[in-house]
Amino acid sequence: MGLSLCLTTGCRTPNSAGRTERNVVYAHIGEKELVLDLFFPKSSDPKPRPVAVNFHGGGWTYGAKWNGTGWLAASELLQRGYVFVSVNYRLAPRNKFPAQIEDAKCAIRFLRAHARQYHLDPERIAAVGNSAGGHLAALLGTAKESAGFDRSGGWTNESSRVQAVVDMFGPADLLYGVQHNETWSLLAGEVFGSKTSEEILRRASPVNYVAPDDPPFLLLHGERDSLVPLVQSELLAAALRKAGVPVEFIIVKHAGHCFVPAGRPPSPNDAEIGKLIADFLDRKMPR
């Protein structure tokens, strides 16, 4: 049982990509290698590149770096000079939370540590994610080092802070979700442990870390999403606004989970969503 995996795929290199580096090892956890892919724009630019880091969905239990709604923006971002990075992270039930956010934070630290090697701008790194990946992107934007998620995988002398977050239909309040949805209760056992406590669910919830110094957020959510209900993004948007954090909240009409059509064609459509994401990052991480 898990939150649906969006099947948008980046298995093939986007046409707008130049050089690519696949399966770059960003951490060793025991005997396991954690890897990411980097896609570079074709255009030459002497300035270090802004970075968009994609985290796939799949209920924290399945999926891989070539999946996810974040790929809707890949070509647009590459055309605008961004480096697009997509990350594999450890999955439950074999690896319980907080393994997933520990890996996400390690990936950001790795990129910052290797910014010169890959010609990246360490002050312009955005987290992009959908569903479970949206949850990780939101945690990257809200959970500071004091949360205790920065102690695994290496590069701990670097910051895991991001400068912008794009969260597409990510769970934001795990405790609320478990209390209101039986499917979430079953999933919580796989991801957070068979004896999941309110304390663990609160620790895993981005809404509980929101602070005034958080980076700008773009939230996108299908109005008819039955797996991660719209209320999850509404709760996060309310918390961000209360704290004074810049937040843009777009409800995708006629769309279910993963923006699948629900009755009529979704609005905005996939191409428009990709452009909205790129426009947001251009505004919030100016060159």
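1. Let me start with a tryptophan: Trp155 is partly exposed, with a relative accessible area of 33%. The model is a predicted one, so please read every value below as computed from that prediction. With 33%, Trp155 falls between the 20% under which a residue counts as buried and the 50% over which a residue counts as exposed.

2. What does Trp155 pair with? Among the nine aromatic pairs counted here is the one between Phe110 and Trp155, an edge-to-face arrangement with 5.6 Å centre to centre and 70° between the planes. Phe110 belongs to helix H2 (residues 99-113), while Trp155 sits in the loop between helix H4 (132-142) and strand S6 (164-168), so the pair ties together parts that are 45 residues apart in sequence. Unlike its partly exposed partner, Phe110 is buried, at a relative accessible area of 3%.

3. A second pair worth a look is Phe169 with Phe259, also edge-to-face, at 5.0 Å centre to centre and 85° between the planes. Phe169 is found in the loop between S6 and helix H5 (174-180), and Phe259 in the loop between strand S8 (247-252) and helix H9 (270-284), so this contact ties together parts that are 90 residues apart in sequence. Both rings fall under the 20% limit for buried residues: Phe169 has 0% relative accessibility and Phe259 has 4%.

4. Two further aromatic items for your viewer. Trp60, Phe97, Phe149, Phe192 and Tyr209 make up one aromatic cluster. Elsewhere, Arg19 is placed over the face of Phe40, 3.9 Å from the ring centre.

5. Back to H2, the helix that holds Phe110. How does the span of H2 compare with what 1.5 Å a residue would give? The 15 residues should span 21 Å, and the end C-alpha atoms are 21 Å apart, which agrees. As for its surroundings, 14 of the 15 residues of H2 are buried, so the helix is largely enclosed by the rest of the structure.

6. H2 also carries a charged contact. Lys105 forms a salt bridge with Asp150, with 3.4 Å between the closest N and O atoms. This links distant parts of the chain, since Lys105 is in helix H2 and Asp150 in the loop between H4 and S6, 45 residues apart. Is this a buried or an exposed salt bridge? Lys105 is buried at a relative accessible area of 1%, and Asp150 also counts as buried, at 10%. The loop between H4 and S6 thus appears in this salt bridge and in the Phe110 and Trp155 pair.

7. That loop has another salt bridge to offer: Lys144 with Asp214, where the closest N and O atoms are 2.7 Å apart. Lys144 lies in the loop between H4 and S6 and Asp214 in the loop between helix H7 (198-203) and strand S7 (217-222), so parts 70 residues apart in sequence are tied together. Asp214 is buried, with 5% relative accessibility.

8. The count of salt bridges comes to 18, and one of them stays within a helix. Asp279 and Lys275 meet at 3.0 Å, N to O; being four residues apart in helix H9, they are separated by about one helical turn. Lys275 is partly exposed, at 43%. Which residues join these two in a network? Through salt bridges that share partners, Glu76, Arg80, Lys275, Asp279 and Asp282 form one network.

9. On open space, the largest pocket holds about 190 Å³. It has 14 lining residues, of which Lys32, Leu34, Tyr89, Arg90 and Leu91 are closest to the centre. Strand S2 (residues 32-41) gives the most to this lining, with four residues. Just before S2, Gly30 has its place in the loop between strand S1 (17-29) and S2, and this glycine counts as exposed at 69% relative accessibility. Gly30 is 32 Å from Pro215, C-alpha to C-alpha, with their positions 185 residues apart in sequence.

10. Finally, the enclosed space. The search of the whole structure finds one cavity of 30 Å³ or more, and the largest cavity has a volume of about 40 Å³. Its lining consists of Trp60, Leu174, Val178, Trp184, Leu187, Ala188 and Phe192. H5 and helix H6 (182-192) are the elements that give two or more residues to this lining, with the largest share, four residues, coming from H6. Trp60 and Phe192 both line the cavity and belong to the aromatic cluster of point 4.

Notes: Residues are numbered from 1 along each chain as its sequence is written. This is a predicted model: local features need pLDDT of at least 70, side-chain atom pairs count only at pLDDT 80 or more; totals for chains, interfaces and linings use all residues. Side-chain values use heavy atoms; hydrogens and water are left out. Rings of Phe, Tyr and Trp (its six-membered ring) pair if their centres lie within 6.5 Å; planes under 30 degrees apart count as stacked, over 60 as edge-to-face and the rest as tilted. Buried means under 20% relative accessible area, exposed over 50%, partly exposed in between (1.4 Å probe, protein chains only). A charge sits over a ring if NZ of Lys or CZ of Arg is within 6 Å of the ring centre and within 35 degrees of the ring normal. The expected span of a helix is 1.5 Å times one less than its number of residues. A salt bridge is a side-chain nitrogen of Lys or Arg within 4 Å of a carboxyl oxygen of Asp or Glu. On a 1 Å grid over the protein atoms alone, a cavity is a set of points where a 1.4 Å probe fits but cannot get out, and a pocket is an open set with protein on both sides within 12 Å along at least five of seven lines; lining residues have an atom within 4 Å of a point. Grid points are joined across faces, edges and corners, and a volume is the space filled by probe spheres set on the points.
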